[in-house]
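Student: I would like to learn how to read rings, strands and the core in a model. Can you take me through one?

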Amino acid sequence: MNIMNRLISTIDIEASTTWQDSFFLTFDIDWAHDVVLSDTIDLIEQAGVSATWFITHETPLLERLRTNPNFELGIHPNFNFLLNGAKRNGTNAKEVLDRLMAIVPEAKSVRSHSMTQNSPLLDLFKEKGLSHDCNVFIPEQSDILLKPWKLWNGLTRVPYFWEDDVACMYEQNTPIEKLAGRSGLKVFDFHPIHIFLNTE
């Protein structure tokens, strides 16, 4: 089987060839220091693979990411402060999104920090021009065959099945080289800090 590596925004539910027999590398940069983020970018560039980067903050490294045709930038909004009654990241969800969209106006995909989502947020994502939502995590240990689907507002929902910090908490994990050969949608989520530290 020829397994392709693709970008999240290329997923089209009308064309299974855009996601079937493919794997997707995604990175939640989570306010990583530039030294940490640069280390991860180096590794991915050396491998020559495609990756979707979910951005949390302004950094000079965004220009480096933008110039690589194998990369795309999405957004990684943090609504946790609002949920805790703090307004340090914006006074409402729209302000949180507007701040990130000003940094990454080309973004087409979104994964919220802590996967925060609800119906009004999903509609707001669509209103802001986003097309792909990655806020559903179904762990590989469930052995559920994943595929993308269309939401009521036209957003393409892209579930993911592997996340580095979650894999650290599970006692049983399928070796990652075997996961790439599974059927169905295969979206991996990494964090630069765990790559930099080689977290086990």
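Tutor: We will take ring pairs, then strands, then the core, then a few loop residues. Keep in mind that this is a predicted model.

Student: How is a pair of aromatic rings described?

Tutor: A pair of rings is described by the distance of the centres and the angle of the planes. Here the count comes to seven aromatic pairs. Take Trp-53 and Phe-71. Their ring centres are 5.3 Å apart and their planes stand at 70 degrees, so the pair is edge-to-face. Planes over 60 degrees apart earn that label.

Student: Which parts of the chain does this pair link?

Tutor: Distant ones. Trp-53 is in strand β3 (residues 51–55) and Phe-71 is in strand β4 (residues 71–75), 18 residues apart. Both residues are buried.

Student: Which residues do ring pairs link into a cluster?

Tutor: Phe-27, Trp-53, Phe-71, Phe-161, Trp-162, Phe-188 and Phe-190. A charge can also sit over a ring. The charged end of Arg-111 does so at Tyr-160, 4.2 Å from the ring centre.

Student: Now strands. Which way do the residues of β3 point, and are they buried or exposed?

Tutor: Ala-51, Trp-53 and Ile-55 point one way, Thr-52 and Phe-54 the other way, and all are buried. Five of the five residues of β3 are buried, so the strand is largely enclosed by the rest of the structure.

Student: What does β3 pair with?

Tutor: Start with β2 (residues 22–28). β2 and β3 pair in the parallel sense over three bridges. One bridge sets Asp-28 against Phe-54 in β3. The chain goes from β2 through helix α1 (residues 34–47) to β3, and this β-α-β crossover is right-handed.

Student: And on to β4?

Tutor: β3 and β4 pair in the parallel sense over five bridges. Trp-53 has Leu-73 in β4 as its bridge partner. Helix α2 (residues 61–67) joins β3 and β4 in a right-handed β-α-β unit.

Student: How should I read β10?

Tutor: Ask about burial, then about partners. Five of the five residues of β10 (residues 186–190) are buried, so this strand is largely enclosed by the rest of the structure. Lys-186, Phe-188 and Phe-190 point one way, Val-187 and Asp-189 the other way. Note that Lys-186 and Asp-189 are among the buried residues.

Student: Which strands pair with β10?

Tutor: β2 and β10 pair in the parallel sense over five bridges. Phe-23 stands opposite Lys-186 in β10. Strand β9 (residues 162–163) also runs parallel to β10, joined by two bridges. There, Glu-163 stands opposite Asp-189.

Student: How do I approach the core?

Tutor: In soluble globular proteins, nonpolar side chains tend to be buried together. In this model the largest nonpolar core has 52 residues. Trp-53, Ile-75 and Phe-125 have the most contacts inside it. Elements that give two or more residues to this core are β2, α1, β3, α2, β4, α4 (93–103), α5 (119–127) and β10. The largest share, five residues, comes from α4.

Student: What is Phe-125 in contact with, leaving aside its neighbours within four places in sequence?

Tutor: Phe-79, Leu-97, Val-110, Ser-112, Leu-130, Asp-133, Asn-135 and Leu-155.

Student: Is a loop residue such as Leu-151 buried or exposed?

Tutor: Leu-151 is buried, at 12% relative accessible area. The cut-off for buried is under 20%. Leu-151 lies in the loop between β7 (149–150) and β8 (156–157). Beyond residues up to four places away in sequence, Leu-151 touches Leu-122 and Arg-157. Leu-151 and Leu-122 are 29 residues apart in sequence, with 8.9 Å between their C-alpha atoms.

Student: Last point: how do I read phi?

Tutor: Most residues other than glycine have a negative phi. Look for the exceptions. Asp-21 has a positive phi, near 60 degrees. Asp-21 lies in the loop between β1 (4–6) and β2. At 30% relative accessibility, Asp-21 is partly exposed.

Student: What is phi of Asp-30, and where is Asp-30 found?

Tutor: Phi of Asp-30 is positive, about 45 degrees. Asp-30 is in the loop between β2 and α1. With a relative accessible area of 22%, Asp-30 counts as partly exposed.

Methods
Residues are numbered from 1 along each chain as its sequence is written. This is a predicted model: local features need pLDDT of at least 70, side-chain atom pairs count only at pLDDT 80 or more; totals for chains, interfaces and linings use all residues. Side-chain values use heavy atoms; hydrogens and water are left out. Rings of Phe, Tyr and Trp (its six-membered ring) pair if their centres lie within 6.5 Å; planes under 30 degrees apart count as stacked, over 60 as edge-to-face and the rest as tilted. Helices (H or I, at least four residues) and strands (E, at least two) are DSSP runs, numbered from the N terminus. Buried means under 20% relative accessible area, exposed over 50%, partly exposed in between (1.4 Å probe, protein chains only). A charge sits over a ring if NZ of Lys or CZ of Arg is within 6 Å of the ring centre and within 35 degrees of the ring normal. Two strands pair if DSSP finds at least two bridges between them. A crossover is right-handed if, with the strands pointing away from the viewer, the path from the first strand over the helix to the second runs clockwise. A nonpolar core is a set of buried Ala, Val, Leu, Ile, Met, Phe, Trp, Tyr and Cys residues joined through side-chain atoms within 4.5 Å. Contact means heavy atoms within 4.5 Å.
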